[in-house]
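Open the model in your viewer and keep the sequence panel beside it. The stops below say what to select and what is there.

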Amino acid sequence: MKRLFSVLIAALFCSACATPYKAASKPTSNGYFDTLLQPGVYDITFNANDETEIKQVQDFALLRAADVCLENGYQSFSVVNSTNNSKTENGVVTGSNTNNNYSFSYSYLVSETEPKVSILIQCSPDKNLFFDAESVSINLRKKYKIK
């Protein structure tokens with residue numbers, strides 16, 4: 001019984017991790033996904049699990065925007081449009097348990113929100129737009145301890 005309890009606790013800790021800053025394997029997977037729409041204009045999306053705060057998802061979308069600019073020779077960018085497409089699911093969990101001479105039933109409401117943020121950015125080869133790509137990248141990597 002103790003072993004089962006330990007395994008369940010370990011599983012809970014593993015599942016309770018925020019989505020890391022990483023590329024998504026497809027547009028609907030967790031992580032970032034970006035699309036070049038025309039020279040210097042990109043659509044950036046960051047999808048996350050329900051353990052990730054919306055502020056972190058917004059920051060990761062900005063970090064990806066900065067990285068995309070730097071990877072493509074740009075120095076600054078502006079956010080032209082921003083969309084929060086988070087998905088919330090509600091449900092009820094019910095169950096019962098019998099232990100020795102005791103029996104009990106339970107039910108509780110659950111709500112999970114999977115944050116999803118999309119931003120449309122315009123990049124510039126000069127530092128004339130709102131965000132300095134290098135500064136954004138350095139500061140957000142420091143904030144979230146990302147190499």
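Is Glu-114 buried, partly exposed or exposed? Select Glu-114: its relative accessibility is 36%, so Glu-114 counts as partly exposed. Buried means under 20% relative accessible area, exposed means over 50%, and partly exposed is in between (1.4 Å probe, protein chains only). Accessible areas come from the Shrake-Rupley method with a 1.4 Å probe, and for residues only the protein chains shown count as cover.

Before going on, note that this is a predicted model, in which local features need pLDDT of at least 70 and side-chain atom pairs count only at pLDDT 80 or more, while totals for chains, interfaces and linings use all residues. Residues are numbered from 1 along each chain as its sequence is written, and side-chain values use heavy atoms, with hydrogens and water left out.

**Stop 1: strands E4 and E5**

Glu-114 lies in strand E5. Helices (H or I, at least four residues) and strands (E, at least two) are DSSP runs, numbered from the N terminus. Select residues 87–99 for strand E4 and residues 102–114 for strand E5; the two pair in the antiparallel sense over 13 bridges. Two strands pair if DSSP finds at least two bridges between them. To see one position in this pairing, select Asn-90, which stands opposite Ser-111 in E5. Then go to the turn of the hairpin, where two residues lie between the strands and Asn-100 takes a positive phi near 55 degrees.

**Stop 2: two surface patches**

Stay with Glu-114 and add Asp-50, Glu-51 and Glu-112: together the four form a negative surface patch. Patches are made of residues with over 30% relative accessible area and no salt bridge; like charges are joined within 9 Å, and nonpolar side chains (Val, Leu, Ile, Met, Phe, Trp, Tyr) within 5 Å. Lys and Arg count as positive and Asp and Glu as negative, while His and the chain ends are not counted. The place of a charge is taken as NZ of Lys, CZ of Arg, CG of Asp or CD of Glu.

Now select Phe-104, Tyr-106, Tyr-108 and Val-110, which make a nonpolar surface patch of about 370 Å². Phe-104 is in strand E5, and its relative accessible area of 42% makes Phe-104 partly exposed.

**Stop 3: the open sheet**

Which strands form the open sheet, and in what order? There are five, in the order E1-E2-E6-E3-E7, with antiparallel pairing. Strand E1 (31–38) and strand E7 (131–132) stand at the edges with a single partner strand each, so one side of each has no neighbour in the sheet.

Inside the sheet, select strand E3 (residues 76–84) and strand E6 (residues 116–124), which pair in the antiparallel sense over eight bridges. Thr-83 stands opposite Ser-118 in E6. From Ser-118, go to Gln-58: their C-alpha atoms are separated by 8.5 Å, although the two are 60 residues apart along the chain. Gln-58 is found in helix H2 and, at 35% relative accessibility, counts as partly exposed.

In strand E7, select Phe-131. Phe-131 is partly exposed, with a relative accessible area of 21%. Phe-131 and Ser-78 are 53 residues apart in sequence, with 6.0 Å from C-alpha to C-alpha.

**Stop 4: salt bridges of helix H2**

How many salt bridges does a search of the whole structure find? The search finds six. A salt bridge is a side-chain nitrogen of Lys or Arg within 4 Å of a carboxyl oxygen of Asp or Glu.

Show the side chains of Asp-59 and Lys-55, which meet in a salt bridge (3.1 Å, N to O). Both lie in helix H2 (residues 54–71), four residues apart, about one turn of the helix. Asp-59 is buried, at 4% relative accessible area, whereas Lys-55 is partly exposed, at 46%.

Next select Asp-67 and Arg-141, a salt bridge whose closest N and O atoms are 2.5 Å apart. Asp-67 is in helix H2 and Arg-141 in helix H3 (residues 133–144), so the pair ties together parts that are 74 residues apart in sequence. Asp-67 counts as buried at 7% relative accessibility, and Arg-141 counts as buried at 19%.

End with Glu-71 and Arg-64, which form a salt bridge with 3.3 Å between the closest N and O atoms. Glu-71 counts as exposed at 56% relative accessibility, whereas Arg-64 counts as buried at 7%. Add Asp-34 to the selection: Asp-34, Arg-64 and Glu-71 are linked in a network of salt bridges.
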